[in-house]
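Reader: I am new to structures and would like to know how the labels are earned. Could you take me through some of them?
Author: Ask about a label, and the answer will set a value against a cut-off.

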Amino acid sequence: MGIGAFRAGAGYRTRALLYPDIYVRRSPIFYTVMKIILQDQSTRVVGDSPGTVEELLLVLGINPLEVIVSRNGALVSEHAVIGDTDEIRIIRIAHGG
Amino acid sequence: MAAPDISPAGAPVCVCCTEPAVVYQWTTDRHLCTTHFIADIEARVHTTIAESRQIRAGDRIAVAFSGGKDSTALLVILSRLLPVWTDVSLVAITVDEGIAGYRQDTIRVAKTLTKKLGVEHRIVSFKDLIGDDLDTILAGRESQACTVCGILRKKALMDAAKEAGATKIATGHNLDDEAQSVLMNTLRGDLPRLVRDAGKESGGCFLPRIKPLSGIYEKEIASYLFVQDLFLVLPECPYTRYALRAEVRSMLSTLEFRYPGTMQHLIESKKKIERYCAGAPVMDALRHCRECGDPCSGEICQVCRLRHSLGK
């Protein structure tokens, strides 16, 4: 399954409602949960096979040059592979200082 | 881009060692770990300073220090590079414009960092300069926010730097800021501003301004601070949305992502135009304001013109 799975489908939404904080998709193909903290501090939980940080940002409509991204608290480059139980934080580079 | 080596942790590996990379430098196609990234940034800033001889022995550098990310990175890097130069000192100057819900946080951060770095810190305010804070001045004229703030901030900074005995002012303008300025001046057809070199000596009229971070991308600055636990999520200036710069920033950032190196190309174009214009009468002759005596290009300087429009 590719990065397109970040776009939550109906099945995903149902499962995410049942397990709002930590959602583990149990399938013979993969077992992944990823918590994404967006720039406005809102949180999304998505299940997907590994993709890169850049792919995630593009799916979310975010220009990778306008944010920095941490995985489990540590900075990662756009080409880091993310997935599993990673907590991904997307931090907007604030302007005007 | 060549496919990077990926560590077991799912991160590309640093080009200089075997540690996981924390950043990707898209113009040079390099992945770097924390240690090599910090060293790379500091070395590039040092090169920028050395190539254009921005700092010389005996200089006292006033660092325009808002407490935001760019000026924080500038102060940290300059304080680390300080032993490289002979008899050079730093003084951090913070201008409190008086923007509710915005500046208080950055001033608090500024005080903490200067104390930690052992750098002298001075705070000046618009209220001291003109009698009102920016919010009061801008009531009903928010669309002019950046122009008004820019004029007053420059004056406040210049006065404070002179009072502190500084020989130069260092600002945290980064590569993105510089490219945005080139495009904005081009869009406005403002050739004099495009080729103006604020770093030049001006016979004692202005303190020369230096921009040591002008070769570093904004994203690199944020990353530099983050890996050292110095990156703080601070509020954005509420007036930013009124500025042409906000639109130019977004447009250029998209172009840079799609066509890496766009921002550097813009800056290189500006440098070429500067060379073509060298010696040409592009700029108005420097005069002195008939009211306050400050150097300016017209009869009255922008600060006095602003005072009049505010009835001060």
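Reader: Why is B:T167 called partly exposed?
Author: This is a predicted model, and in it B:T167 has a relative accessible area of 33%. Buried means under 20% and exposed over 50%, with partly exposed in between. The value of 33% falls in between, so B:T167 is called partly exposed.

Reader: Where is B:T167 found?
Author: B:T167 is in the loop between α6 (145–163) and β6 (168–170) of chain B.

Reader: What makes the pair of B:T167 and B:D59 a polar contact?
Author: The two side chains meet at 2.8 Å. The cut-off for a pair of N or O atoms is 3.5 Å, and 2.8 Å is within it, so the distance fits the label. Beyond four places in sequence, B:T167 is in contact with B:D59, B:R60, B:L207 and B:P208.

Reader: How many aromatic pairs are there over all chains?
Author: The count comes to two. One of them is B:W26 with B:Y217, at 4.5 Å centre to centre and 50° between the planes.

Reader: Why is the pair of B:W26 and B:Y217 called tilted?
Author: The centres must lie within 6.5 Å, and planes under 30 degrees apart count as stacked, over 60 as edge-to-face. The centres are 4.5 Å apart, so the rings pair; 50° is neither under 30 nor over 60, so the pair is tilted.

Reader: What makes this pair a tie between separate parts of chain B?
Author: B:W26 lies in the loop between β1 (23–25) and β2 (30–32), and B:Y217 in the loop between β7 (209–210) and α9 (218–226), so the pair ties together parts 191 residues apart in sequence. Both B:W26 and B:Y217 are buried.

Reader: How do you know that B:F226 and B:F231 form an aromatic pair?
Author: Their rings are 6.4 Å apart centre to centre, and the limit is 6.5 Å, so they pair. The angle between the planes is 50°, and this pair is tilted.

Reader: Why are B:F226 and B:F231 called buried?
Author: The relative accessibility is 18% for B:F226 and 13% for B:F231. Buried means under 20%, so B:F226 and B:F231 both get the label.

Reader: What makes β1(A) and β7(A) paired strands?
Author: Three bridges join β1 (residues 34–37) to β7 (residues 87–92) in chain A, and these strands run parallel. At least two bridges are required, so three are enough.

Definitions and conventions: Residues are numbered from 1 along each chain as its sequence is written. Chains are lettered from A and ligands numbered from 1 in the order in which they are written. This is a predicted model: local features need pLDDT of at least 70, side-chain atom pairs count only at pLDDT 80 or more; totals for chains, interfaces and linings use all residues. Side-chain values use heavy atoms; hydrogens and water are left out. Helices (H or I, at least four residues) and strands (E, at least two) are DSSP runs, numbered from the N terminus. Rings of Phe, Tyr and Trp (its six-membered ring) pair if their centres lie within 6.5 Å; planes under 30 degrees apart count as stacked, over 60 as edge-to-face and the rest as tilted. Buried means under 20% relative accessible area, exposed over 50%, partly exposed in between (1.4 Å probe, protein chains only). Contact means heavy atoms within 4.5 Å. A polar contact is a pair of N or O atoms within 3.5 Å; within protein, one must be able to donate a hydrogen and the other to accept it, and residues adjacent in sequence count only if both atoms are side-chain atoms.
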